[in-house]
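Let's take a walk through this one, starting from a single residue and working outwards to its surroundings. Have the model open as you read.

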Amino acid sequence: MARLRERRGFTLIEIMVVVIILGLLAVLVAPNVIDKLSVAKDKTARTQIELLGTALDSYRLDNGTYPSTQQGLEALWAKPITAPEPRNWAGPYLKKHVPQDPWGHAYVYHSPGEQSPDGYDLLSLGADGAPGGEGEDADLKSWE
């Protein structure tokens, strides 16, 4: 009696079918995942800008002014030693150090601001880290 050889492994056709299916799934799913990631980073940046704004308002309530542009957002974490020295610094005003935006860039802070002469301008320059842009590269601003 002849014994049939046991079948081991996959045929080339089976492997090609699996690779084609995985490729199709990647083509269909990847754009949706990338879009969701972009939207999540945008929402994260907007939320961080609002939280930094709340901390800046607390700083102003305690000290009468917002931190200067030179003092920057670090004044929310450590008491500034440059003029104007805060009168009643009661910080830190953040639970953690000042975060970078979701794309790994520092937030841009100006006080007094061009858009808010009596306050501050706070913005993220988006994914490209440069002013302007569209889509994921667009600037996210505290005054908009």
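Leu52 sits in helix 1. Keep in mind that you're looking at a predicted model. Is Leu52 buried or exposed? Its relative accessibility is 2%, and since anything under 20% counts as buried, Leu52 is buried.

So what does Leu52 touch, once neighbours within four places in sequence are set aside? Its contacts are Leu73, Leu76, Leu94, Val98, Pro99, Tyr107 and Leu122. Take Val98 from that list: Leu52 and Val98 are 46 residues apart in sequence, yet their C-alpha atoms are 8.3 Å apart in space.

Now zoom out a bit. The largest nonpolar core has 19 residues, and Leu52 is among those with the most contacts inside it, along with Leu56, Leu73, Leu76, Tyr107, Tyr109 and Leu122. Helix 1, residues 12-63, is the biggest giver here, with 6 residues in this core.

Tyr107 is a good next stop. Leave out its neighbours within four places in sequence, and Tyr107 is in contact with Ala45, Gln48, Ile49 and Leu52, as well as Leu73, Pro99, Gln100, Asp101, Pro102, Leu122, Leu123 and Ser124.

One of those partners of Tyr107 is Gln48, which lies in helix 1. Gln48 has a relative accessible area of 18%, so it counts as buried. Not counting residues up to four places away in sequence, Gln48 touches Pro99, Gln100, Asp101 and Pro102, plus Tyr107. Compare that with the list for Tyr107, and you'll find Pro99, Gln100, Asp101 and Pro102 there too.

Terms used: Residues are numbered from 1 along each chain as its sequence is written. This is a predicted model: local features need pLDDT of at least 70, side-chain atom pairs count only at pLDDT 80 or more; totals for chains, interfaces and linings use all residues. Side-chain values use heavy atoms; hydrogens and water are left out. A nonpolar core is a set of buried Ala, Val, Leu, Ile, Met, Phe, Trp, Tyr and Cys residues joined through side-chain atoms within 4.5 Å. Buried means under 20% relative accessible area, exposed over 50%, partly exposed in between (1.4 Å probe, protein chains only). Helices (H or I, at least four residues) and strands (E, at least two) are DSSP runs, numbered from the N terminus. Contact means heavy atoms within 4.5 Å.
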